[in-house]
Amino acid sequence: MKIGTHLIEPALILAPMAGVTDRPFRVLCRRLGAGLAISEMTISDPRMWKTEKSRTRMDHAGEPGPVSVQIAGHDPALLAAAARHNVEHGADLIDINMGCPAKKVCKVDAGSALLRDEALVARICRAVVEAVPVPVTLKIRTGWSRAERNGVAIARIAEDCGIAALAVHGRSREDRFEGEAEYDTIAAIKQAVNIPVIANGDIRTPEQARQVLLRTGADALMIGRAAQGRPWIFREISHYLSTGSLLAEPSREWIGHLLVEHLAAMAGLYGDAQGTRIGRKHVRWYCEDHPGADDFWREISAETCALRQRQAVALFFGIEPEPSAIAEAA
């Protein structure tokens with residue numbers, strides 16, 4: 001799939017997820033088969049750009065291109081300014097968030113709340129497209145509510161305004177993450193527009209990935225929660241789509257080494273204390289399907305030292321701990 005001049009290969013995309021898709025996770029997913037990894041959303045309010053949270057979200061050092069940054073807000077002028085700011089700081093693609101169902105986002109008329117105001121959608125899309133020289137993509141849901149699935153209308157507006165590609169989560173804002181994703185609206189959107197359409201929602205296995213592609217006719221797939229604790233899902237899906245066969249499950253030792261590397265990268269970005277705290281959820285996701293996970297989580301959940309956290313993970317997965325972690329524990 002191409003977005004502007006950027007070739008996305010394979011056509012598998014890591015969905016932007018607040019508090020999850022930071023630089024270490026994006027880099028890891030790209031290495032393990034994602035063709036594109038979109039950053040967690042950056043608020044359009046310029047007063048927030050200099051905070052520590054925004055600094056780390058805008059850190060793309062060493063990240064493989066194309067770099068895609070998601071912006072969120074409801075004011076067309078502020079979103080245009082945010083797009084320019086991120087392009088000046090290394091973004092190759094800008095993604096507009098109209099898909100987030102979180103209350104704190106919707107209550108300020110951002111995210112999926114925007115879907116109920118089609119005129120505002122048009123003003124935002126046009127303002128951002130005109131503000132930057134890079135392709136602009138849009139993430140939406142099927143509609144504002146189950147009774148108002150206006151995804152096709154929104155998609156046509158987006159295309160008319162110059163949006164280069166459209167990602168669609170197969171739920172309405174009202175659905176949040178409940179129930180099952182529906183793909184008929186995504187299929188209808190694909191038929192209604194000529195820009196690339198990316199299908200998102202409930203794609204947890206290679207077999208489901210192929211079924212969603214066949215059902216929707218989408219140009220690409222976007223994976224979110226299924227990549228949490230399993231970033232290698234992208235290479236599993238890519239292999240299955242190209243060969244029809246499933247890859248063998250990675251070994252426990254390989255997963256352990258991957259998690260230790262992931263945690264070390266987080267400590268490098270955030271510092272020891274914050275990296276350890278943020279890393280806890282990843283530890284739980286990686287370990288939850290392994291024997292002894294509940295007892296291990298109770299032991300490690302309050303750990304405050306990054307080295308000791310990685311040592312404990314190494315011992316859980318049966319691999320050699322870092323020498324520095326052994327010394328720290330001693």
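How many salt bridges does the structure hold? The count is twelve. Keep in mind that this is a predicted model, so everything below is computed from predicted coordinates.

**Charged pairs**

Here are three of the pairs, with the N to O distance for each.

| Pair | Closest N and O atoms |
|---|---|
| R230 and E236 | 2.8 Å |
| R230 and E249 | 2.7 Å |
| E303 and R308 | 3.2 Å |

Side chains of opposite charge can pair when their charged atoms come close.

R230 is a good place to start, since R230 turns up with two partners: E236 and E249. Where do R230 and E249 lie? R230 sits in the loop between β11 (220-223) and α9 (233-243), while E249 belongs to the loop between α9 and α10 (252-270), so their salt bridge ties together parts that are 19 residues apart in sequence.

How about accessibility around R230? R230 itself has 23% relative accessibility, so R230 counts as partly exposed. Its two partners fall on either side of that class: E236 is buried, with a relative accessible area of 7%, whereas E249 is exposed at 56%.

Then there is the pair of E303 and R308, joined by a salt bridge at 3.2 Å. Is E303 buried or exposed? E303 comes out at 18% relative accessibility, and since the cut-off for buried is under 20%, E303 counts as buried. R308, at 30%, is partly exposed.

Some charged residues join up in a group instead. R171, D202, R204 and R225 are linked in a network of salt bridges.

**The cavity**

Now for the empty space. How many cavities of 30 Å³ or more are there? The count comes to one. The largest cavity holds about 60 Å³ of space. Its lining is made of 14 residues, and those closest to the centre are I3, I38, D95, T137 and I198.

Which elements give two or more residues to that lining? They are the strands β7 (93-98), β8 (136-141) and β9 (165-169). Of these, β9 gives the most, with three residues.

As for chemistry, the lining divides into eleven nonpolar residues, two polar and one charged. D95, one of the residues closest to the centre, is an Asp, and Asp counts as charged.

Technical notes
Residues are numbered from 1 along each chain as its sequence is written. This is a predicted model: local features need pLDDT of at least 70, side-chain atom pairs count only at pLDDT 80 or more; totals for chains, interfaces and linings use all residues. Side-chain values use heavy atoms; hydrogens and water are left out. A salt bridge is a side-chain nitrogen of Lys or Arg within 4 Å of a carboxyl oxygen of Asp or Glu. Buried means under 20% relative accessible area, exposed over 50%, partly exposed in between (1.4 Å probe, protein chains only). Helices (H or I, at least four residues) and strands (E, at least two) are DSSP runs, numbered from the N terminus. On a 1 Å grid over the protein atoms alone, a cavity is a set of points where a 1.4 Å probe fits but cannot get out, and a pocket is an open set with protein on both sides within 12 Å along at least five of seven lines; lining residues have an atom within 4 Å of a point. Grid points are joined across faces, edges and corners, and a volume is the space filled by probe spheres set on the points.
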